[in-house]
Amino acid sequence: MSNGREDSTYERIYAAVCQIPVGCVATYGQIAGLAEASGPRQVGYALHALLPGSDVPWHRVINAQGRVSPRSESDHDNVQRMLLEAEGVEFDSRGRISLQRFRWQE
DNA sequence: AACATGACCATTA
DNA sequence: GTAATGGCCATGT
């Protein structure tokens, strides 16, 4: 455990993900830049560690290919697509998102 | 301390 | 357009 205030890299990543507006998506590399993370790998790692009981919209984070990243369990990726569709994000016939239209641009 | 793993990205074929 | 390789760094054993 740690003290009440966490200055970990994860905290910055969570904050960046929370900043993503509804109906938009962001890539791991983009989050890494906003969160000042050392690399996109740590973003994915942070999200994997945050899964249970988090108010962070992790489903709005996708990879640079505009696709949902395949994680250990195949169930979760299906959920992510459903959540995005519920927020207004449209998927391609192959389950791909048009970054040109839905990518979060500050 | 070292090794192996991981929800990635960019380049190359 | 897809598939494969190397490099990035933090985490757990």
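Contact, in this tour, means heavy atoms within 4.5 Å. The model on screen is a predicted one, and the stops below run from the protein interior outwards to the two DNA strands.

**Stop 1: N63 and its surroundings**

Select N63, which sits in the loop between β2 and α4 (74-86). N63 is buried, because its relative accessible area is 15% and the cut-off for buried is under 20%. If you leave aside its neighbours within four places in sequence, N63 is in contact with T27, Y28, V68 and S69. Then display the side chain of N63 together with the backbone of R67, where a polar atom of the N63 side chain lies 2.8 Å from the backbone nitrogen of R67.

**Stop 2: S69, in the same loop**

Move next to S69, which is also found in the loop between β2 and α4. Is S69 buried or exposed? With a relative accessible area of 22%, S69 is partly exposed. Not counting residues up to four places away in sequence, S69 touches Y28, N63 and D77. A distance drawn from the C-alpha of S69 to the C-alpha of Q80 should read 9.7 Å, for two residues that are 11 apart in sequence. Keep S69 selected, since it returns at the DNA.

**Stop 3: the nonpolar core**

Now hide the DNA and colour the nonpolar residues. In soluble globular proteins, nonpolar side chains tend to be buried together. The largest nonpolar core here has 19 residues, and those with the most contacts inside it are I13, V17, I20, I31, V43, L47 and V61. Helices α1 (9-18), α2 (28-34) and α3 each supply at least two residues of this core. There is also a second, separate core of eight residues, including V25, I62, L84 and F102. Returning to the larger one, select V43, which touches I13, Y28, I31, A32 and A37 when residues up to four places away in sequence are not counted.

**Stop 4: helices α1 and α3, viewed end-on**

Select α1 and look for its buried residues, which include I13, Y14, A16 and V17. Turn the view until you look down the axis of α1: the buried residues fall within an arc of 160°, so they line one face of the helix. They pack against α2, α3 and β2 (61-62).

Then do the same with α3 (residues 40-50), where V43, A46, L47 and L50 are buried. These four cover an arc of only 95° around the axis, which puts them on the same side of α3. The covering of these buried residues includes α1, α2 and β2. Rotate to the face of α3 that is turned away from the buried side, and you will find the exposed residues R41, Y45 and H48.

**Stop 5: DNA strand B**

Bring the DNA back and select strand B, which is surrounded by 17 residues, the closest being R41, H48, L51, W58 and S69. Of the atoms of strand B that come within 4 Å of the protein, sugar and phosphate account for 46%. Three polar contacts are worth displaying one by one. The side chain of Q42 has an N or O atom 3.5 Å from a base nitrogen of strand B, and a backbone N or O atom of L47 lies 3.4 Å from a base nitrogen of that strand. S69, from the second stop, places a side-chain N or O atom 2.8 Å from a phosphate oxygen of strand B.

Which elements give two or more residues to this surface? They are α2 and α3, and α3 gives the most, with seven residues. By type, the residues near strand B divide into eight nonpolar, seven polar and two charged.

**Stop 6: DNA strand C**

Finish with strand C, around which you will find Y10, S38, R41, Q42, Y45, R94 and R96. Sugar and phosphate make up 77% of the strand C atoms that come within 4 Å of the protein. The side chain of R94 has an N or O atom 2.6 Å from a phosphate oxygen of strand C, while a polar side-chain atom of R96 lies 3.4 Å from a phosphate oxygen. Q42 also has a polar side-chain atom 3.0 Å from a sugar or linking oxygen of strand C. Helix α3 supplies the largest share of the surface near this strand, three residues, and the surface as a whole divides into two nonpolar, two polar and three charged residues.

Notes. Residues numbered from 1 in each chain as written. Chains lettered and ligands numbered in written order. Predicted model: local features only at pLDDT ≥ 70, side-chain atom pairs only at ≥ 80, totals over all residues. Heavy atoms only, no water. Near = heavy atom within 4 Å. Polar contact = N/O pair within 3.5 Å; in protein donor to acceptor, adjacent residues only side chain to side chain. Nonpolar A, V, L, I, M, F, W, Y, C, P; charged D, E, K, R; others polar. Core = buried A, V, L, I, M, F, W, Y, C linked by side-chain atoms within 4.5 Å. Buried < 20%, exposed > 50% of the residue type's maximum accessible area, 1.4 Å probe, protein only. Arc of directions from axis to C-beta.
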